Amino acid sequence: MSGDSNPAATPTPCQDTQGDGRWMSLHNRFVSDSKGKEPDVLFIGDSLIQLLHALNFGIGGDATQHVLWRLINGELDHISPKVVVLWVGTNNHGHTPEQILGGIMAIVNVIHQKLPNAHTLVLGLLPRGKSPNPLRERNASVNAQVQAEVVSLSHVSFLDMDPGFIQSDGSIAHQDIKHKI
């Protein structure tokens, strides 16, 4: 690795912009909740994961570096799930697809280090915006790179989460988003 630091793969606690300590409180709850639990499946990621009704360690707005920091700081220390579902990267604003890939793979590596018997399922990023835009292109690039990176790993799988959101004219109908997620 060169001397360049990848911000998306650098463990970073989320900045407390609202001043209420919510993010750190959720992290501490996840560390506490993991004690004495034996889940078969663990969900990790951002707000899309946070809204699932399962044992999950998702926090809305989290980027890869936030998830990485949380995992290094205790969230995986007391559990041993068979499967970890990871869905993160869409909130990495200002990062390149290569940086986001680095962040996702850093998370995958921490999961494998802390949970060597677990299989990690990386979910692909959804397309962003109603019409074609740079964020949609970035997410598609991230998905292609992650899929190529994990194909040779026995403990990781990739699942494309785009079940046909993008129409032939390049648009995404808002009703499709509500019905397909």
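A polar contact is a pair of N or O atoms within 3.5 Å, and within protein one of them must be able to donate a hydrogen and the other to accept it. Keep that in mind. We will use it in a moment. One caution before we start: this is a predicted model.

Let's begin with Asn92. Find the loop between β3, residues 83-87, and α4; Asn92 lies there. Is Asn92 buried or exposed? Its relative accessible area is 0%, and buried means under 20%, so Asn92 is buried.

Now for its partner. The side chains of Asn92 and Gln65 are joined by a polar contact of 3.1 Å. Asn92 has other neighbours too. Setting aside residues up to four places away in sequence, Asn92 touches Ala8, Ala63, Thr64, Gln65, Ile100 and Arg138.

Gln65 takes us to helix α3, which covers residues 64-75. How many of the 12 residues of α3 are buried? The count is 10, so the helix is largely enclosed by the rest of the structure. Gln65 is one of the buried residues, and so are Thr64, His66 and Trp69, among others. Two charged names also appear on that list: Arg70 and Glu75. What covers these buried residues? The cover includes α1 (22-34), β1 (41-45), β2 (56-58) and α4.

On to α4 itself. Helix α4 runs over residues 97-114, and its packing partner α5 over residues 134-150. Their axes are 9 Å apart, at an angle of about 45°. That angle makes α4 oblique to α5. The crossing is right-handed.

Which residues make the contact? From α4 come Pro97, Glu98, Ile100, Leu101, Ile104 and Met105. From α5 come Arg138, Ser141, Val142, Gln145, Val146, Glu149 and Val150. Look at the spacing of those numbers. An α-helix has 3.6 residues a turn, so residues three or four places apart point the same way. By class, the contact of α4 with α5 has 8 nonpolar, 2 polar and 3 charged residues.

Let's zoom in on one of them. Ile104 sits in helix α4. With a relative accessibility of 2%, Ile104 counts as buried. Beyond its neighbours within four places in sequence, Ile104 is in contact with Val142 and Val146, and also with Thr64, Leu86, Val88 and Val122. Here is one last pair. Ile104 and Ala63 are 41 residues apart in sequence, and their C-alpha atoms are 9.5 Å apart in space.

To close, go back to the loop. Asn92 touches Ile100 and Arg138, and both of those residues also belong to the contact between α4 and α5.

Terms used
Residues are numbered from 1 along each chain as its sequence is written. This is a predicted model: local features need pLDDT of at least 70, side-chain atom pairs count only at pLDDT 80 or more; totals for chains, interfaces and linings use all residues. Side-chain values use heavy atoms; hydrogens and water are left out. Axes are lines fitted to C-alpha atoms, for helices over the stretch in contact, and angles run from 0 to 180 degrees between N-to-C directions. Helices (H or I, at least four residues) and strands (E, at least two) are DSSP runs, numbered from the N terminus. Angles under 35 degrees count as roughly parallel, over 145 as roughly antiparallel, 65 to 115 as roughly perpendicular and the rest as oblique. A crossing is left-handed if the near helix is turned anticlockwise from the far one by less than a right angle, and right-handed if clockwise. Contact means heavy atoms within 4.5 Å. Buried means under 20% relative accessible area, exposed over 50%, partly exposed in between (1.4 Å probe, protein chains only).
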